[in-house]
Amino acid sequence: MRKILATIKAPKSMVAQITQQLKEAGVEKVAVQTVSYSQFVEESRLNYDCVFPQMWEEKAPVAYIHFAFDGTDEGRTASFQVEYDVMQIPLNLHYGSEIPDPVKCRERYRTVTKDTLVVRDKVEDWLYILDEVNSSYMYLIVGQEKALLFDTGYGFTEWRHLITEVTDLPLYVVCSHGHDDHVLGCFQFEEAYIAEEDYDLCVSNDNPGQKEKQILSRRQKTPDIDELVDRDAYFRTSFDGCTFKFVKDGDVFDLGGITLQVYAMPGHTKGSIALYCPEKKAVFVGDCLVKNHQLAYGQSLAVSSPPQDFIRSLGRLEKLDIDIVWPAHGDVPAERELISDTREMLIDFAHNGDPEKDEEKRDPNSIRMMVFGDPNQRHGKYKYKDIVMGYDMGHLDQIRAYMAEHDGAVE
């Protein structure tokens, strides 16, 4: 059943009270957004949109409390009742766009052949997924004037024709972070963008040893990967012909009718970024978020950022107008709740993570340990709701030290 989004505009001091009354009324709260006084004035009309005169008098930031109700006659009636039950007076609620039905994930697994190491799926007129060996998703976003490719995958084979078959527009290539399965395909392009913090990580992957590890890492899920990948051709690929440019928080890629805003997302790596598309209420997140897949947060403390940075970066995404999340692994797409659930998980981890209980004993002969293992590194696995996070035990030390210095705060 589709939902309708409605918004109560209220003083920040009343958020807890109104949220509790919504909860008691059985209404689904979606988010609380803080806006500047100037934005509130621009979007509101005196004595019409607002019944709290102090907001006009205080000239202070205002809270927008978004909630959802069923898009039926009964649901609308119930929402009108909320206007009276919550504040005993009509609130003249602002009714926004419909919230999509729970998203249906694309089929993740397919038969992989030499000719289909990478396949292209059309999701929308403006969006394609490039799926490499049922593992890594790259996103081709097509505007009216330009296109953008987010991530370039393992680079097991050449697949640029999958782009030119659907668009001849000028193309931006942007990498979500520097891990091998997101950057090694850059050999096909003359130019690519990445955060400066992940540049060294990115180029350190451009060698036969790391590429051999990537083939080995896929054996468990794609047992015939050794026969599917042309090793000699793969090992000959190189970044030599690709110039890397640095992208930073706040940069915007304007594709014509579609803009993609860069959000720094330190956590999984120091230079992880997300791309937010306000026109489509969508965010592309690389490895910052995953659905029905293990969230990897444990390969190296030298590469990742402390949990407090991760929590803070997810908090920024929570404030955006997002309906759909597009991760690089696992089930796609995901609902916006994945953002808040992951942030809640990290906060819960900060308070309740237990090195003795969480420590994951790994078989030293397992494929993952052979590829990524460090005998001196202690790994943990933390579970919260439907989210499973693999982490380095040092992350607990980082967040606990931060909390001790900041009166228990986690960000």
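Y263 stands opposite A274 of strand β14, in a predicted model where local features need pLDDT of at least 70, side-chain atom pairs count only at pLDDT 80 or more, and totals for chains, interfaces and linings use all residues. Residue numbers start from 1 along each chain as its sequence is written, and side-chain values use heavy atoms, with hydrogens and water left out. Helices (H or I, at least four residues) and strands (E, at least two) are DSSP runs, numbered from the N terminus.

Strand β13 covers residues 259–264 and pairs with β14 in the antiparallel sense, over 4 bridges; pairing here takes at least two DSSP bridges between two strands. On to β14 itself, residues 273–277: this strand is mostly covered, with 5 of its 5 residues buried, where buried means under 20% relative accessible area, exposed over 50%, and partly exposed in between (1.4 Å probe, protein chains only). I273, L275 and C277 point one way from β14, while A274 and Y276 point the other way.

β14 also runs antiparallel to β15 (residues 282–286), joined to that strand by 3 bridges. Y276 has V283 of β15 as its bridge partner. The two strands make a hairpin with 4 residues in between, and K281 in the turn shows a positive phi of about 50°.

Zooming out, these strands belong to an open sheet of 6 strands with mixed pairing, in the order β12-β13-β14-β15-β17-β18. β12 (252–254) and β18 (334–335) sit at the edges with a single partner strand each, so one side of each has no neighbour in the sheet. At the β18 end, β17 (residues 324–327) pairs with β18 in the antiparallel sense over 2 bridges, and V325 stands opposite A334 of β18.

Now for the helices. α11 lies across β13 and β15, running at about 150° to β13. α11 (residues 307–318) also packs with α12 (residues 337–352) at an angle of about 155°, their axes 9 Å apart. Axes are lines fitted to C-alpha atoms, for helices over the stretch in contact, and angles run from 0 to 180 degrees between N-to-C directions. α11 and α12 are therefore roughly antiparallel to each other (angles over 145 degrees; under 35 is roughly parallel, 65 to 115 roughly perpendicular and the rest oblique). Contact means heavy atoms within 4.5 Å, and the α11 residues that meet α12 include F310, I311 and L314, with I339, L346 and I347 among those on the α12 side.
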